[in-house]
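Q: I'd like a close look at a single part of this structure. Please pick one strand and walk me through how it sits in the rest of the chain.

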Amino acid sequence: HNICSGQVIVSLSTAVKELVENAIDAGSKAIHITFREYGSKSIEVADNGCGIGEENFEGLVLKHHTSKIQQFEDIIDASTFGFRGEALSSLCALGNLSVHTSVTGEKGTLLSYE
């Protein structure tokens, strides 16, 4: 790899920040955050963003992976909070992760990582 991205999750607020930034980067106009047991049991971030296309499922939680940059030059045009996915790998290391996603006009998909 010429470029590596990564994220360290150091607190509950960092985890929520990363998930909200992913939602904003996906073009969400509404974001709902739900905590169970103040976040110690679960954190849910639901949004109305563009969803994750099936072509990105395989790399979604890989360490140092991003779907936003294909070549070095793409870094110049990156106009997002994050690289969409680098935090998901870190969240998988902390516990179970489920992603329910739907792209406009397609049936929703539930992805689970333990």
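**A close look at β3**

A: Let's start with the whole chain: among contacts (heavy atoms within 4.5 Å) with a separation of 6 or more, 51% are between residues 24 or more positions apart. Keep in mind that this is a predicted model, with local features needing pLDDT of at least 70 and side-chain atom pairs pLDDT 80 or more, while totals for chains, interfaces and linings use all residues. Numbering starts from 1 along each chain as its sequence is written, and side-chain values use heavy atoms, leaving out hydrogens and water.

The chain has two helices and four strands, taken as DSSP runs numbered from the N terminus (H or I for helices, at least four residues; E for strands, at least two). Going along the sequence, you meet them in the order α-β-β-α-β-β. Of its 114 residues, 32% count as buried, that is, under 20% relative accessible area, with exposed meaning over 50% and partly exposed in between (1.4 Å probe, protein chains only).

Now zoom in on β3, which covers 97–101. Its side chains take turns: Leu97, Val99 and Thr101 point to one face and are buried, whereas Ser98 and His100 point to the other face and are not buried. That fits a general rule: in a regular strand, side chains alternate between the two faces of the sheet.

Who is next to β3? It pairs with β4 (109–113) in the antiparallel sense, over five bridges; for two strands to pair, DSSP must find at least two bridges between them. As one detail of that match-up, Thr101 of β3 stands opposite Thr109 in β4.

Val99 is a nice residue to click on. Leaving aside residues up to four places away in sequence, Val99 touches Ile52, Leu60, Thr109, Leu110, Leu111 and Tyr113.

Val99 also belongs to the largest nonpolar core, a set of 15 residues. Such a core is made of buried Ala, Val, Leu, Ile, Met, Phe, Trp, Tyr and Cys residues joined through side-chain atoms within 4.5 Å. The members that touch the most others are Leu60, Val61, Leu88, Leu97, Val99 and Tyr113, so you'll spot two β3 residues there, Leu97 and Val99. At least two residues of this core come from each of α1, α2, β3 and β4, and α2 gives the largest share, four residues.

To sum up, β3 turns Leu97, Val99 and Thr101 to its buried face, lies antiparallel to β4, and supplies at least two residues of the core.
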